[in-house]
Structures are given as C-alpha cells and as structure tokens.
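Let's walk through this one together, starting with a sheet and ending where the chains meet. Have the viewer open and follow along.

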There are 2 protein chains.
Amino acid sequence: MTAPGPVLVIDIGGTKLAAGVAEPGGRLITWAQVPTPRVTDAEQLWRTLESLLCQVLKTAKVAERGELSGVGCGCGGPMEWPAGRVSPLNIPAWRMFPLRDRLAERFGGVAGQAAEGGIPVRLHNDAVCMAAGEHWRGAGRGRRNVLGMVVSTGVGGGLILDNHLINGASGNAGHIGHVVVDPDDGPVCACGGIGCLEAIARGPALTAWAQEQGWRTGQPDVTGQDLSGDAAQGHGVARAAMRRAGRALGIAIASATNLCDLEVVAVGGGLSQAGALIFDPLQEALAAHTKLDFARQVRVVPAALGQHTGLVGAAALVMAGHMYWTGD
Amino acid sequence: MTAPGPVLVIDIGGTKLAAGVAEPGGRLITWAQVPTPRVTDAEQLWRTLESLLCQVLKTAKVAERGELSGVGCGCGGPMEWPAGRVSPLNIPAWRMFPLRDRLAERFGGVAGQAAEGGIPVRLHNDAVCMAAGEHWRGAGRGRRNVLGMVVSTGVGGGLILDNHLINGASGNAGHIGHVVVDPDDGPVCACGGIGCLEAIARGPALTAWAQEQGWRTGQPDVTGQDLSGDAAQGHGVARAAMRRAGRALGIAIASATNLCDLEVVAVGGGLSQAGALIFDPLQEALAAHTKLDFARQVRVVPAALGQHTGLVGAAALVMAGHMYWTGD
C-alpha cells in the first residue's frame, strides 16, 4: 500500500470560488481564489471553476489523474445530498447542477465510494465543511461536540456530535440560522419563517435594521463592515445593532447547547470579526439561557482557520471520512 | 454461541418504579410497577427496587444470575453519565447514588463492557431511554433522525441522529425542555433560564398560568389532567392554556427540526394525551417556523409505546447497543 496522495479541495460561494491542494493531515500545499463570475450560464461557471482547479493542481505539481487520492468540495446550499446536485441561493447559474458528478467525471473520481481506478469525490454544504474543518484542525480540535457557524450574508452551520458529522434526514443538519429566537415580534425570514436567527443576525438584516433606526439613512451600499466600524467608533445605533445581533446569536447558541450538549461553538464569517462588539452581548445572552450545569461548560470562540476553514473541511470529508462522511 | 438471553429492564421516576424482563427483540415477557416510596434513606429505596426486580425475574422464570444477558435502566436526571451516579430531581433519597454499580454488583453484571462472567449493565436518562424506545420499536421505527419527548411534570427528550443515539459532551443531549421559546417575556424556568420550553409547557406551569387567568382559582391540587378535561369541555382559559403550551412546543420542535434535520418527533407523557387540544396549536406553530423544504417534511406524532416506552428503551441500550450505547 502506498501513502495516500494529496486531495483537491474546493469551496464554492456566492462571492468567491476557492480551491487548493491539501496534503494528508490537511495542510494546504497551495490555494487560489477568483471572484464568482456573475454569469447565467451553468457551463460558463463550470469552466471558470475547472480552470481554477487545473491551475492549483499545476502549481502544486500534481497530475490531474493518477496522483490525487480524492476530491472534497464545499458549496453553498441548498443541494441534494449526497447526490451533490447543487442550487446555491447566491449562484443563480446553477440550479440542480450535478456538481459532484461533474467533478467525478473530470478529475478521475467516481462519485461515492472509490471504485476501480476511481477516487472518492465528496461534496457537502459549505457551512458544514467549515464546521468539519474547525472540528478537525481548528477551534474545536480534540472536542467531540462542536457547532461551527458562519455569520455573514446568511447564518449557516454544521454540527459534529459524539465525534461525527451529523447529516440529518437530507444532509441539512446544522441550520442554526433557522433556530427561532424571537417568535413573537421577530422579522420575517427569507425562508418564510418568523424570528429566525438569520432574519436578525445576517449582515444585510443588521444594516437594514440600523438604517431604520437612523444610521446612514439613504445610503444604498452600506455593509456589515461599515456598521461594525461605526460601532467601534461609538455610534449609538450601530452599537445597538451589534448588540441585537449578538443577543440573537447567544439565544440560538443557548438553545443548540441545551439540546445537543455542545462543548465548543466556533463562530466564523465576516461579522464574527467585529470582536467584542458582537461577542460580549452574545456571551451575556448565552449565560442567561444556559443555566444547567452541563450547558454552562460550553465555550463560544472565533473560528481558528480563517478564510481556509472551508477548504480544510473539504479535505476532512475525504481524509477523515470515518468522522465526516456517511454519504454513498 | 448460544442465543442471547433476556434482559432485565428498569424505569425509575419520581412517581413510579417500573421493571420488566424483555426478550431479544424488545418484547416484554413481564413487567410490574410500584409507587416510588417517599423515603429519605437511599438504601431503603434501593431495597424496594431490588425486591421489584427479583419479583419480575421470578415471574418471568429467569434466574437472577446466569440467564440474563444484560441489564438496562432509565432513570430521572441529572446523573453522571456513563458512570451512572444518579441524583434524580424528584427522588431526594438518591444523591450521587451509584445506581449503575449497584445494579452491576447485584445482578451479576460488571459495569460497562461485559467482562469475564459479567453482563453489560447500562443506564441512561429516562427521557433518553424513551426516545431510544420510540426509535427502536415505536413511532420512529425505520427512521434515522428522531426526537423523542416526554411532556409531563417536566419536559425532557432524547435525540437519535443519523441512526445513533446522541449523548453529547456529558450524556445530556436531548434537553429539548430548555430550548428557548420566549426569551423576551417568558417565565423564569426552574433551571434559572428565561423562556425555556419547560417553563411554559410542563404540567404545573400550565395549571399555574391558567389559575392566574382565573381558572379554578384557589383550588390547591389541580393537575394538567383537570386542565385538559376542562379544555375539552370548552372552558376558555383552559383552552387558552393548552394553546399556549402547544404553541411553545411547536416553536421548540421547529428549532430542533431546523437545527437537526429531523424526520419524526414522538411526543409522550401525560400532557400529550390531551390530543388535538395540544397537537393542533403545536402543528400550527410548527408550520409557521419550518418553512425550509427539508424542515417541512418533519412529522410530529404521539409516542406509540405508551407506558412501556421507557422499559423498551432500556432494553435497547443493551440489545441494540450499536445504535444506542457508546458509554464505557
């Protein structure tokens, strides 16, 4: 038996396409990213991705066929899992696009189990990959019960319980963004529900709320970063907006902790970079709602792997499949 | 190799001690129960349990040693798991009582793995056993992602995800009663948190709320059963109380469904017997908060095994340990 070869890893989001080559153990030998093209043609987007993948393989001096031991991919949801037909909310060009099959055809793998001459090609939700990455090599390393979260344009996540990635009925476990935090007076969520965490804590919801309260009224393209910048400067409404988001995060994390007996919650994504402005109210709300002895043990920490967490998680699907992969 | 023998099964609650003998497959050959003695002496309570266990073994014509293939036990929490030192909230006589070790000493087992001449003795939270029972042989049979709930004096539960019982960091996964459903205006929970499901939907909380609203004011010993009886008769406040509880249950179940991608939620316990009075508002709130395609698939159903669900679940810990047991 020869040593396992490197794994081609991919992270597909509405803003950027990232790819890399990971060595056994998860370290990235090389990586690169390009902005996600604003195209409507599925094949055009595929060709952009394909050329990015060929580029990182070339940089890493890894042959397209024969040297790879697998392909791991995270992609924005929703998707059919484990079939890997993807319809990413923020990538209109792909609707039921057979991404897993296309990767398997192109890069020598056979979808699913390694077959004769084939290598495993595995795909999961990008937030699930982030959670796997943080559990495997990041803030949740060495813990058995971890929630990984991405707080950004949306609020997503993935669950590792009893040291195994949880998929749920259709691969959708981990949707912390739709835990209900304000059922009575909360805003309507994009999903159609009322008072979901995401409806309050996603970046655009935060800035919209702040504008309603008088912050930079009338300015069109304000971002969560503008908001946290102003909050850091002491702007009252901006600070209130961050408190509101932090509190909603704390309540949802408390519910998840009480239900799942979590040890660590790793929070990543743009908004998590606001630091104490978000984490202080988060911890306060969390403490108010985790009073049982076991639940008080939970630690909420920033994600540790930064922008590479999705790629490392994609590697984990292949390199540590006993923990992170139960699909076909 | 001989066929596996019967399993001694036990369900310990604040109201009753139940025990039985289960044949491989989970069917109860015999069972019996006695009221939980109101004693303060730990050994006196143990002797009552011991004599109940000897009685069911005798009835089933199973020798105390040599014929059993294991002992499974559910007990009210909290407890140290998997060590099995129990401190049931409603049984003051036992505080850190080494129930698992005592059962192992007395009934021929060795705590944990079957050792030379020993048989497995396994113990878990009673609500967790209920969930295991409903997944193994009840309303969740054949499904891989199930939440089992007990709505009674408290609100407890257990989680089966990806076809495995989830323990969490300390064996406390499944605490659906402390999912937050009303963080702003909810009552303070016995745990110290605010707006927990249990603080609203447990029987005593329901009757207390109804009395505050004018139902049977001044009567001391009213029960949840009185309340649901009056609700069935059309009493306005009683109906409002059931709606309030049903709605809280629906919100918490929605959060759990969105987070864990559940297929079936099996609801047992006294209050679940109120039928449509509870289930109609529950389903309404659930529908309002599960709008994502995957989450809409969840079914909430009454538990199927009735009063024996805890005993069947205790049998599952031993007879289907590959799904329900990861303790030592």
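In this predicted model, chain A holds an open sheet of 5 strands, and reading across it gives the order β12-β11-β10-β13-β14, with mixed pairing. At the edges sit β12 (164-165) and β14 (299-302) of chain A, each of which pairs on one side only. As a quick reminder, strands of a sheet pair through backbone hydrogen bonds, either parallel or antiparallel.

Now zoom in on one of those pairings. Strand β10 of chain A, residues 146-151, runs parallel to β13 of chain A, residues 264-268, and 5 bridges join the two. If you want a spot to centre your view on, try Gly148(A): its bridge partner in β13(A) is Ala266(A).

Next, zoom out to both chains. How does chain A map onto chain B? A rotation of 180° does it, with 0.0 Å of shift along the axis and an RMSD of 0.0 Å. The two copies are therefore related as by a two-fold rotation axis. The contact surface follows suit: 100% of the contact residues of chain A recur in chain B, so the same surface serves both copies.

What does that surface look like from the chain A side? There, 41 residues are in contact with 41 residues of chain B. Two helices of chain A, α7 (236-260) and α8 (276-289), are the elements that give two or more residues to this side. The largest share, 7 residues, comes from α7(A). Sorted by class, the side of chain A that touches chain B has 20 nonpolar, 15 polar and 6 charged residues.

Terms used: Residues numbered from 1 in each chain as written. Chains lettered and ligands numbered in written order. Predicted model: local features only at pLDDT ≥ 70, side-chain atom pairs only at ≥ 80, totals over all residues. Pairing = 2+ DSSP bridges. Helix = DSSP H or I, 4+ residues; strand = E, 2+ residues; numbered from the N terminus. Least-squares fit on C-alpha atoms with pLDDT ≥ 70 in both. Contact = placed C-beta atoms within 7 Å. Nonpolar A, V, L, I, M, F, W, Y, C, P; charged D, E, K, R; others polar.
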